[in-house]
Number of protein chains: 2
Amino acid sequence: MYESEDALAVLRKMGRSVVDSIQNQQFPAIDIPDRKTNNIVYDEASGRFTLGPSTSRRDSSNTKHVRSFAQLMWVADFAKRLLESSRTSSLRDLYYSSEAFGVKFADQSESDRIVTDLECYTGHPRESFGIFPEEHSSIYGEIVLRYTVPGYEGREIDLTISPDGLPVGPAIVSAEPVRSEARLVLAVESGGMFSRLIESRAWKRFGAVLVQLGGQPPRATRRLLRILRSRLDLPVYIFTDGDPWGMHIAKVIISGSANSAHISDLAVPDAKWIGVTPDDIENYSLPSEPLTNADLKRLDDLTRDVRYDSSKWAGYIDGFRRLRVKAEQQAFSRYGMDYVVDRYLQDKLV
Amino acid sequence: MYESEDALAVLRKMGRSVVDSIQNQQFPAIDIPDRKTNNIVYDEASGRFTLGPSTSRRDSSNTKHVRSFAQLMWVADFAKRLLESSRTSSLRDLYYSSEAFGVKFADQSESDRIVTDLECYTGHPRESFGIFPEEHSSIYGEIVLRYTVPGYEGREIDLTISPDGLPVGPAIVSAEPVRSEARLVLAVESGGMFSRLIESRAWKRFGAVLVQLGGQPPRATRRLLRILRSRLDLPVYIFTDGDPWGMHIAKVIISGSANSAHISDLAVPDAKWIGVTPDDIENYSLPSEPLTNADLKRLDDLTRDVRYDSSKWAGYIDGFRRLRVKAEQQAFSRYGMDYVVDRYLQDKLV
């Protein structure tokens, strides 16, 4: 689902501009959209973070910039070689590979940052260059995708082939949607709930593509949700634990994060958090635990977060503060194994 | 790969003995193999931990035992209902389900402990009752399995179907081996290395079934390794980070752990740790980091561990102490993306 030709073209153009400068006897320089806090703006209309107009210049004539300029050139070259050989790399492997070329990074967080620079400069997410973090999400449902990775090009995969689900790895994320019998996407926080919904055939009952988030999901998973929304026209529902952290997993899927403000196609603005909401904890009499100090502090942080300005989201925060308790999505098991499907999801999705 | 008929029979026998006691006007009691430290013995011959002959009695006439006796009865009943309906449950769901029946557990660690009691009493691992932890392992290679889970019974799955691998979940773990083109099993610690070996077609070159351990692997994954060893006669090689923790991942696969001394078919005594060994760090001039205090403390612990008594394993400990450094399996990327396959694994596996 990534445009590797586009990504390759933008890298070639980047390299060409550097070579041109050198041939014209000038020090090459590169302007990168600035991602400092004061250039990250919340766009009310689209309901997500974006970068403002400010840029910062990496100028190879400035000795303070030489290191990061050279690192960026190397990362761009590494990305180009990945694309040309249809290979992928983890962020960790990229860091270690740099040693083969005598390029120095203090640690992986420095090389990760340079990868983000490349994203900002090119406007393409790292995944379109074949660079992935380690994955921990999975997917299951009535969708057929067509692989584009080498050795599997053109092969179709039915996402109900494995009753344990399929990992959301480079092959799935780069595959093309072919057809779908599904009516909606249901993203769930925990692996236990994901397994439960497969096994109880809830996916069939609700026509749902199930996506296991595995906590705060990696960007590739958020992108996959967006693709399912836009390419297959499936509404996206998010089902998390009923606590400030679960609520925020949903918020990041819906509105994006400041860290990825430079990537435009990650948010799913019309995705819906079905719960567990504070009201659900009361209405379904769920087993709950008291909010900890960390939970309460988190609610304070979210109060100051522009993404929670709407009355609906401010209401969720108030709800948690009023109840002072939280409940996991597994808590529905109190009423039997199938209650979460027969009653809760039936209430929320139908 | 689990015998659910056997598991059901043993639960029925357990229930029958309790009912018989009651009908004979006696308080029912149950004898459970004791898993206190002094009853966990290291069996030199088989190279693994087992339980000694001591048992502990749960007697329902003793008020101190009533709670755990009742909890054990409920867990056994829950397991029986899972088996009869061909369902599975996570340990977490089991904990929450107890509330539906008015059975009280202080927290999940208490219900987990009672599940272990059931394992000890019956001699069957929890997985044979359909009770699983959350998974984080995956598998890829030229093996065909036949599913036994409901909705998929009899369907065959080729473990090369997904280039991202397949999760080692309840369906894979309960499937039957049908046929194999593989010559060996290569278990690797990290997801990055697993992806690398799939993408570079190292699995084809070495005839390897790849198993991603995801750190210290859950028991279901260790059991899967044992099944691949015994049922398909495949030698098992383990490739981890070169540090005390990676080495111990291999040791637990080979010799088992004290925590699972009551389960007999988990260890793979003839599995081989290929590295990253201390010698490898030197011989391949790998980028390395100094051992931390926690690493050194861990080496001290392992020195006192009976599983490290052999000269080979004591030698690894000495090697780390001498070098005072560690290296990740990704460190081979220093010499290019394919070096780990073309050189290191070629050296170790061929």
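**A short note on the two chains and how they meet**

1. Let's start where the chains touch: chain B brings 42 residues to the contact and chain A brings 42 residues. Two residues count as in contact if their C-beta atoms, placed from the backbone, lie within 7 Å. Please keep in mind that this is a predicted model, in which local features need pLDDT of at least 70, side-chain atom pairs count only at pLDDT 80 or more, and totals for chains, interfaces and linings use all residues. Residues are numbered from 1 along each chain as its sequence is written, and chains are lettered from A and ligands numbered from 1 in the order in which they are written.

2. On the side of chain B that touches chain A, the elements giving two or more residues are helix 3 (91-97), strand 10 (166-167), helix 5 (170-173) and helix 6 (191-199). Helices (H or I, at least four residues) and strands (E, at least two) are DSSP runs, numbered from the N terminus. Helix 6 of chain B gives the most, with five residues.

3. Next, the symmetry. A turn of 180° and a shift of 0.0 Å along the axis lay chain B on chain A with an RMSD of 0.0 Å, the copies being superposed by least squares on the C-alpha atoms of residues with pLDDT of at least 70 in both. The two copies are therefore related as by a two-fold rotation axis. In chain B, Leu166(B) has the C-alpha nearest the axis, 2.9 Å from it.

4. Both copies use the same surface: 100% of the contact residues of chain B recur in chain A.
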